[in-house]
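Me: Could you take a close look at one sheet in this structure, strand by strand, and then set it beside the other parts that can be described with the same care? I would like a connected account rather than a list.

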Amino acid sequence: MKLAKKDLNKALEILSAGAIVFAPTFEMIEDKSEGGQTMAEKKFMPYKEGMFIALDGPNTVKPPKDILFPNVEKMYRYKTGVNAEIQEIIPEDTKKILFGIRPCDMRSIDSMDKVFLTKEYVDSYYAKRRENVVTVAFGCTEPERTCFCDSMGIDPNNAPSADVMMNVAKGSNGDAFILEAYTDKGKELLEQIKSLDGGAGEAQRDTKCQLQINKDPELDKKLAGMFEHPIWDKITKGCIGCGTCTFVCPTCYCFDIDNENYGAEGCKYRCWDSCMFSDYTRMAGGANPRPTKKERLRNRYMHKLSYFNERYGETLCVGCGRCVANCPSHLDISEFIEKATAADPNAETYTDAPGKEA
Amino acid sequence: MAGLTEAQVQDRIREEAKKALATGEVSAVVGWTSTRFEDKTKPYFAETEAECDLLVWNKYCINGTGKFALDDRYPEKKIAIIARGCDSRALNRMLRDKQLKRENLYIIGVVCDGKENAVCEGCQHKNPLTYDVLIGEPVEEQIDADRFKEIEAFEKLSPDERYEYWAKQYDKCIHCYACRNACPACNCVECYADQYRTGWQGKAADREQNQVYGLTRAYHVGDRCIECGECERVCPMNLPIMRQTKKMLKDINDLFGDYECGLPDDAMPILGSYKLEDPDEFM
Ligand code: SF4
Ligand code: SF4
Ligand code: SF4
Ligand code: SF4
Ligand code: SF4
């Protein structure tokens, strides 16, 4: 179907009647002090009447993964002592529509589905949220300079696993969109807004990433043999070991489990964890098999580019570029991919200034 | 700037870096190198003579270099740090806090020309304060009369308005600890937030735990903050966290007189020491 841009809010209005619609927008935080500024962050927020939908432009800093895998998930409440009891907390049965997510982020959901729903274990919290979500993906029009998804085998114009795919209509100059249902859930969704259908049209699908990187198609296998390679010492030195890259990454799915106690009552929750933190692998006695940032960053890159391939047959880096854009130390996984592609896997030394060494 | 052009300073940095490595006493020289983006550089450890030629100096050299000296607390060799004014203050901070030994450092001071970084506008120390060798001619320092202007404006808001503002800010926080890890005053061997199961600080990025972390961090570094702005620069969610340490510094200035951290003759951190004549009207 064809949807005019001016009808976008109407469409979301209609869809909001039966679901919470999450769409990219700008959250404003007003600073009331003298000369203060209004800060605007692009993020996915529940649709409210009249909300500005920021479909194009840069992607959100935080990926939409927390709609399926919240930063903090309360799992059960308990009481201790003579009245001891346990009460499970099950995510509410709310229908949600993820509107305007990018192909890289849609692909990241495919990876999370594999982690949380396959290999003989179904994560009930994730499963509950996932079955209630309908996805409407939007083909990118203005990739950022840090986007390299097409080098990772993802098409920025198309998200095959989305329920509905939405693109700018050819020749419309961004004033109309073409929506196509890929699944039954998607057909149902389009059915609800068919009163806004402006007829047929063709989708514009000619976007290319700005950042094209040179990646060995078999890099996962090459890296598997490079665990002890000297490259790790060199490329990890500038890292400050924060959790930024993993928390802004749409495919990082690690969590920690902790409790919150109030006297004799409490609650068990899980929350995002990061393999870049020192306590991620710390054991009860204090020993740590990943004692420095070298081992930690190696784990992240390896998981993204090799370990996940081994277990699930696909790369865990979707090339969204969020970690590249947000790393405080300006480390760049795409640069690492190129360096690893060029590296001699059997080298005994590694330098950034090759050919000049004595 | 200071008699030398940007390119000349860069040459001098590379020259001094090579000299330092040639002594055999230095394991690496920490400075900046280029990235694939023209307007970004990244911290870099030059470990060979050829790698010294990858060190750059331009207006995008914004990352603090000082904190990297803490990566190895028991080094076999010295570490050389290319230090702008703020980096030298960062090193003084860690020296004062007894986290580093001066004999393990080789400091290549560089007179700074101000970087593409918000905090540089108010910088009062472009000349490195502590160094073994200095590149560039010292410049006249600007005294920033508006050092606490933003705080004064913010203080005028009602407590409710301030709470609402910070609550919204901390709802954005993703609890990544970048602000801590970048901060030269956050130099504890083990951060309280990393201690196993304190029972009151976990990793959950919810309003409670984010705010507890924010407050605790501000109190832990407030009387030792060198005003380098790294915490605010690195925050991926753009929280204006320097406002908290600046507020602490402003109150300290109001109560105890002129106070600035990271100077070579730094006194004990004000909240970590006690003098009989300290103001005590709140007691
Ligand atoms: S790679 Fe960058 S974002 Fe990730 S932990 Fe290191 S410094 Fe932080
Ligand atoms: S590793 Fe970086 S570029 Fe790859 S998916 Fe994660 S955030 Fe995006
Ligand atoms: S990169 Fe690290 S935090 Fe992310 S999923 Fe892999 S192990 Fe977990
Ligand atoms: S804070 Fe001062 S010394 Fe540091 S980079 Fe900015 S202008 Fe240079
Ligand atoms: S850097 Fe920002 S988002 Fe990260 S923990 Fe600090 S305040 Fe929170």
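Reply: In this predicted model, A:Y78 stands opposite A:I86, a residue of β5(A). That pair belongs to the junction between β5(A) and strand β4 of chain A, residues 72-79, where four bridges hold the two strands in an antiparallel arrangement. Strands of a sheet pair through backbone hydrogen bonds, either parallel or antiparallel. Which order do the strands of the open sheet in chain A follow? There are four of them, arranged as β5-β4-β11-β10 with antiparallel pairing. The two edges are taken by β5 (85-88) and β10 (255-262) of chain A, and because each of these has a single partner strand, one side of each remains without a neighbour in the sheet. From one strand to the next, the twist averages 25 degrees.

Chain B offers a pairing to set beside this one, since its strand β1, residues 26-34, is joined to β2(B) by six bridges, again in the antiparallel sense. The two strands make up a hairpin in which six residues lie between them, and within their pairing B:T33 stands opposite B:K42 of β2(B). Is strand β2 of chain B, residues 41-46, buried or exposed? Six of its six residues are buried, so the rest of the structure largely encloses this strand.

Burial can also be followed at single residues. B:Q169, which lies in helix α5 of chain B, residues 159-172, has 0% relative accessibility and therefore counts as buried. Once its neighbours within four places in sequence are set aside, B:Q169 is in contact with B:N238, B:L239 and B:P240, and also with A:I29. One of these contacts, B:L239, appears again in the surroundings of ligand 5. In chain A, A:C275 counts as buried because its relative accessibility is 9%, and A:C327 counts as buried at 14%, both values falling under the 20% cut-off. A:D233, found in helix α6 of chain A, residues 231-235, counts as partly exposed because its relative accessibility is 38%. Although A:D233 and A:T349 are 116 residues apart in sequence, their C-alpha atoms are 9.9 Å apart in space.

The ligand surroundings carry many cysteines, and it is worth adding that a search of the whole structure, over all chains, finds zero disulfides. Around ligand 5 the shell includes B:C173, B:C176, B:C179 and B:C235, together with B:H175, B:Y177 and B:Y213, and its residues divide into 11 nonpolar, one polar and no charged. Ligand 2 is surrounded by residues of chain A, among them A:C249, A:C317, A:C320 and A:C323, with A:K304 and A:R322 also included; here the division is eight nonpolar, two polar and two charged. For ligand 4 the surrounding residues include B:C86, B:C112, B:C120 and B:C123, as well as B:R84, B:K115, B:H125 and B:K126, and this shell divides into four nonpolar, three polar and three charged.

Terms used: Residues are numbered from 1 along each chain as its sequence is written. Chains are lettered from A and ligands numbered from 1 in the order in which they are written. This is a predicted model: local features need pLDDT of at least 70, side-chain atom pairs count only at pLDDT 80 or more; totals for chains, interfaces and linings use all residues. Side-chain values use heavy atoms; hydrogens and water are left out. A residue is near a molecule or strand if one of its heavy atoms lies within 4 Å of it. Ala, Val, Leu, Ile, Met, Phe, Trp, Tyr, Cys and Pro count as nonpolar, Asp, Glu, Lys and Arg as charged, and the others, Gly among them, as polar. A disulfide is a pair of cysteine sulfur atoms within 2.5 Å. Buried means under 20% relative accessible area, exposed over 50%, partly exposed in between (1.4 Å probe, protein chains only). Two strands pair if DSSP finds at least two bridges between them. Axes are lines fitted to C-alpha atoms, for helices over the stretch in contact, and angles run from 0 to 180 degrees between N-to-C directions. Contact means heavy atoms within 4.5 Å.
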